[in-house]
Amino acid sequence: MSDSMYGSSDEEYYNGAYDDDESDNEYDRDPEPEYDSDVSCGKAPSCRVIRKESLLAAQKEDLQRVVDLLSLKEHHARTLLIHYQWDVDKVFAVFVERGKEKLYAEAGVSLEEKDDQHPASEPSTEITCEICFEDFPAEETTIMDCNHRFCNDCWTEYFIVKINDGKSRRITCMAQKCKAICDEGKIRDLVTAKDPNLAEKFDRFILESYIEDNKRVKWCPSVPHCGNAIRVEDDEYCEVECACGKQFCFNCLCELHSPCSCVMWDLWLKKCDDEAPTVTWMSEKTKHCPKCHKIVEKDGGCNLVQCICGQPFCWLCGEATGLEHSWSSIQGHTCGRYKESHLKSADTVEDYWRLTHYYRRYKAHIDSLKIEASESKQKILNKVRILEAKELQLKDFSWAMTGFDRLSLSRRAVACSYPFAYYYFGDLFANEITKEEREIKQNLFEDQQQQLETNIERLSMFLEEPFANYPEDKLMETRMKIITLSTVTDDLCTKLYECIDNDLLVPLQQATHTIARYRSKGVEKASELPN
């Protein structure tokens, strides 16, 4: 291999500039279509970290947009945004489609002219409070935007009850049938005079409404809580990483689970909690009789077992046999490949076998992922350190960690594709997909899944090799294989997500199953929001 090849950047290989003529035939492949290096199934949403210090700035940003458009006071803009869950675009859309009056009325914003019959500037004026029916000087009463005036004591007690009941964000007027939202500034002033600590609590509730009532902003689900929130700018069906390092699904706040939808993932977690112990016990302790399909439990050491129906069979593979055997073998029988004939058994047995099939494969990949994260990563870092200490023509060893990152990302995807397959090809969509359509789609999906799975294991195998001790020519060969497999795996992940999104989910009438889009560079790290 030429010296120029040794000095080339790894990036050109990941972008498809690898020379197939120099590769092993095992890795030769047709040219793959080019995909965006950042995201393959559409534009990924950008996201921001909102810390305690930047929460006010984040809220002010949206408030100012509404204030500028509608020429409102800030507390009116906040009332609108809380009502419309801090969706500025929704506020603008309602304003354009239904007009200002409807917009304000639905949100409880009142812009009536103030009643000047009893101006507060005239100390001699006395006003009867219609709550307690006592007379008060005008300066001891407060009027709201809706023109309702009551004494300060009644207002204060009312606000205290509302704040303690957790209804700080939308405190309506005390007047009967009045739905106008009270001025937060006046609430704050009245409550502060009676209970400053409660006024601080009120301010905190108002501030945190930006997170609690905002579908684009959610608290990071880290435990213990890091105190951060994440804001997405576009699609809420995405996977994000907080500044604390916690990665999660933004929509359901669970661990990463794409390409499985949030609904399916919730069902899967409940299924695993309820039935995983049973599945584990059944797969380890029982087999189905190949003749009558009843469950048989093994209670001895011999691998030839006999069902109560009289049928003998091999415990290792489940195949029917004769009775002639020794401790090490069964006469006339050798274990063959796994067969799925047991799926022809009764419905309840079939359900358990389906669950066992998908659960065991899901669990195997998740266990591999944990081992690779805890052990393999450190081994690769050690190999890179050894290589960097050597006098080699090749100086860039980023391909090793890039390959590992690709392995982790792809393994998680293929692991979560098993819960998806369990539900999609089960009974969840039985009313929407015919048996023939399901079979065609299942073959298409499993084709993609198997190709991805095969290349993940190949990539894992080459990353586990002791390439730090290889001579340079063999090191370069291993490097090429890892780079090629990383690219192939990335492309296959893209195709699997596209298959699920476009071929399987889009034709369905149910819009509840949406998956996070595939990002070639991995989970998006939320950027800091300026204070």
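**Exercise 1. Around a tryptophan**

Task: Leaving out residues up to four places away in sequence, find which residues Trp 268 touches, and then place Trp 268 in its core.

Solution. Step 1: In this predicted model, Trp 268 touches Leu 355, Tyr 358, Tyr 359, Tyr 362, Pro 419, Tyr 422 and Tyr 423, once residues up to four places away in sequence are left out.

Step 2: Now widen the view. The largest nonpolar core has 61 residues. Trp 268 is among those with the most contacts inside this core, together with Trp 399, Phe 420, Tyr 424 and Leu 475.

Step 3: Ask which elements give two or more residues to the core. They are α9 (262-285), α10 (347-389), α11 (398-424), α12 (435-464) and α13 (472-505).

Step 4: A general rule fits in here. In soluble globular proteins, nonpolar side chains tend to be buried together.

**Exercise 2. Checking a helix**

Task: Test whether the span of helix α3 (residues 55-70) agrees with 1.5 Å a residue, and list what its buried residues pack against.

Solution. Step 1: Helix α3 has 16 residues, and the span expected for it is 22 Å. The expected span uses 1.5 Å times one less than the number of residues.

Step 2: The end C-alpha atoms of α3 are 23 Å apart, which agrees.

Step 3: Look for the buried residues of α3. They are Leu 55, Ala 58, Gln 59, Asp 62, Leu 63, Val 66, Val 67 and Leu 70. To read this spacing, recall that an α-helix has 3.6 residues a turn, so residues three or four places apart point the same way.

Step 4: These buried residues pack against β1, α4 (74-83), α5 (88-107), α8 and β7.

Step 5: Step just past the helix. Ser 71, right after α3, takes a positive phi of about 55 degrees.

**Exercise 3. Building a four-stranded sheet**

Task: Work out the strand order of the open sheet of four strands, and say how its neighbours pair.

Solution. Step 1: The order is β6-β7-β1-β15, and the pairing is mixed.

Step 2: Find the edges. These are β6 (217-219) and β15 (527-528), each of which pairs on one side only.

Step 3: Go along the sheet pair by pair. β6 and β7 (residues 229-232) run antiparallel and are joined by three bridges; Val 217 has Arg 231 as its bridge partner in β7. β1 and β7 are also antiparallel, over four bridges, and Ile 50 stands opposite Ala 229 in β7. Finally, β1 and β15 run parallel, with two bridges between them; here Arg 48 stands opposite Ser 527.

**Exercise 4. A sheet of three strands**

Task: Name the edge strands of the open sheet of three strands and explain what being at the edge leaves them without.

Solution. Step 1: The order is β9-β8-β14, again with mixed pairing.

Step 2: β9 and β14 (524-525) are at the edges; each has a single partner strand, so one side of each is left without a neighbour in the sheet.

Step 3: Strand β8 (residues 239-241) pairs with β14 in the parallel sense over two bridges. Val 240 has Glu 524 as its bridge partner in β14.

**Exercise 5. Unusual backbone**

Task: Locate two cis peptide bonds and two residues other than glycine with a positive phi.

Solution. Step 1: Start from the usual case. Most residues other than glycine have a negative phi, and most peptide bonds are trans.

Step 2: The bond from Val 223 to Pro 224 is cis, with omega near -5 degrees. Pro 224 is in the loop between β6 and β7.

Step 3: Another cis bond joins Ser 258 and Pro 259, with omega about 10 degrees. Pro 259 is in the loop between β9 (247-249) and α9.

Step 4: Asn 147 has a positive phi of about 80 degrees and is found in the loop between β4 (141-143) and β5 (149-151). Its relative accessible area is 22%, so Asn 147 is partly exposed.

Step 5: Leu 253 has a positive phi near 65 degrees and lies in the loop between β9 and α9. Leu 253 is partly exposed too, because its relative accessibility is 34%.

**Exercise 6. Buried or exposed?**

Task: Decide whether Asn 152 is buried or exposed, and find its polar partner.

Solution. Step 1: Asn 152 lies in helix α6 (residues 152-164).

Step 2: Buried means under 20% relative accessible area. Asn 152 has 19%, so Asn 152 is buried.

Step 3: The side chain of Asn 152 makes a polar contact with the side chain of Thr 142 (2.6 Å).

Notes
Residues are numbered from 1 along each chain as its sequence is written. This is a predicted model: local features need pLDDT of at least 70, side-chain atom pairs count only at pLDDT 80 or more; totals for chains, interfaces and linings use all residues. Side-chain values use heavy atoms; hydrogens and water are left out. Two strands pair if DSSP finds at least two bridges between them. Buried means under 20% relative accessible area, exposed over 50%, partly exposed in between (1.4 Å probe, protein chains only). A polar contact is a pair of N or O atoms within 3.5 Å; within protein, one must be able to donate a hydrogen and the other to accept it, and residues adjacent in sequence count only if both atoms are side-chain atoms. A nonpolar core is a set of buried Ala, Val, Leu, Ile, Met, Phe, Trp, Tyr and Cys residues joined through side-chain atoms within 4.5 Å. Contact means heavy atoms within 4.5 Å.
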